[in-house]
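User: I would like to understand how the terms in a structure description are earned. Could you take me through them one by one?
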Amino acid sequence: MSDDRVPDRLDCGRSVEELSAYLEAGRQPYDRDIETCPDCLNAIESLQRVGQLSRDLVAEDAALLPAPPQSWFEGIFSAIHSELRAGRSIPITHPDPRVSITLAEGAVRALLRSVGDALDGVFIGRTEIVGDAETPGAPVQVVLTATVGWGQSIPDVSEALRVKVFEALERHTELNVTAVDVIVEDIHGYTPKDER
């Protein structure tokens, strides 16, 4: 019988369960290997975001909406896990031709997720870079899925997200981004940050 589940180990060898336990222990005792590993730090940040999203959903939606199905959480965990892989190497130019600098696709996906999650009432689901990201100047398209807070204007939030993603990618990468597609998959209970 085949097992189609996403493997539970990062490229560095750590498991998501190990990192989850480390996070639950308050990141104590301090583990230098985890705290200096980009893969581990991306995973911990993602686990913290999912944990906060879960707490927010319980606190804000319990009285208004039915609890999300377990498959919803499993889908988010699966997407985060697959995005934590280093993925392709995205080149960065350097004036010295002997120097080769690349940016891991996983780091760019973490950037996309943090940009989206920084917008009030927005939670990013999946991120995808479509196209030949490994060839300098080749056109690529970014596809994001998101959930948006109840009562927010989906067109306004989508446009704000597009603008922020374009700005972040222009600032931190040399990708030739021709489009940012935002797919709103769901809405959730929402309290603006200034009212909490």
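User: Which residues of α5 meet which residues of α6?

Analyst: Happy to start there. In α5, Val108, Leu111, Leu112, Val115 and Gly116 meet Leu161, Lys164, Val165, Ala168, Leu169 and His172 of α6. Contact means heavy atoms within 4.5 Å. A word on the source: this is a predicted model, in which local features need pLDDT of at least 70 and side-chain atom pairs count only at pLDDT 80 or more, while totals for chains, interfaces and linings use all residues. Residues are numbered from 1 along each chain as its sequence is written, and side-chain values use heavy atoms, with hydrogens and water left out.

User: What makes up the contact of α5 with α6, in terms of nonpolar, polar and charged residues?

Analyst: The residues of this contact divide into eight nonpolar, two polar and one charged. Here Ala, Val, Leu, Ile, Met, Phe, Trp, Tyr, Cys and Pro count as nonpolar, Asp, Glu, Lys and Arg as charged, and the others, Gly among them, as polar.

User: Why are α5 and α6 called oblique to each other?

Analyst: Two packed helices are described by the angle between their axes and the distance between the axes. Helix α5 (residues 105-117) and helix α6 (residues 154-172) pack at an angle of about 140 degrees, with their axes 10 Å apart. The axes are lines fitted to C-alpha atoms, for helices over the stretch in contact, and angles run from 0 to 180 degrees between N-to-C directions. Angles under 35 degrees count as roughly parallel, over 145 as roughly antiparallel, 65 to 115 as roughly perpendicular and the rest as oblique. An angle of about 140 degrees belongs to the rest, so α5 and α6 are oblique.

User: How many helices and strands does the chain have, and what makes a run count as one?

Analyst: The chain has six helices and five strands. Helices (H or I, at least four residues) and strands (E, at least two) are DSSP runs, numbered from the N terminus. Read from that end, the order is α-α-α-α-β-β-α-β-β-α-β.

User: Why does Asn42 count as buried?

Analyst: Buried means under 20% relative accessible area, exposed over 50%, and partly exposed in between (1.4 Å probe, protein chains only). Asn42, in helix α3 (residues 38-61), has 18% relative accessibility and therefore counts as buried. The C-alpha atoms of Asn42 and Arg109 lie 9.7 Å apart, with the two positions 67 residues apart in sequence.

User: Why is Gly189 buried or exposed?

Analyst: Gly189 has a relative accessible area of 6%, so this glycine is buried. Gly189 sits in the segment after β5 (176-188), and its C-alpha is 8.7 Å from that of Val148, 41 residues away along the chain. Over the chain, buried residues make up 39% of the 196 residues.

User: What makes Phe166 partly exposed?

Analyst: Its relative accessibility is 32%, so Phe166 of the α6 helix counts as partly exposed. Setting aside neighbours within four places in sequence, Phe166 is in contact with Val177, Thr178, Ala179 and Val180. Phe166 and Val177 are 7.5 Å apart, C-alpha to C-alpha.

User: How do you know that the buried residues of α1 are on the same side?

Analyst: In helix α1 (residues 16-24) they are Val16, Leu19 and Tyr22. These residues cover an arc of only 125 degrees around the axis, which puts them on the same side of α1. The arc is that of the directions from the helix axis to the C-beta atoms.

User: What is found in the backbone after α1?

Analyst: Gly26 follows α1 with a positive phi, near 75 degrees. Arg27, in the loop between α1 and α2, has phi near 60 degrees, a positive value in a residue other than glycine. With a relative accessible area of 23%, Arg27 is partly exposed. The peptide bond from Gln28 to Pro29 is cis, with omega near -10 degrees.
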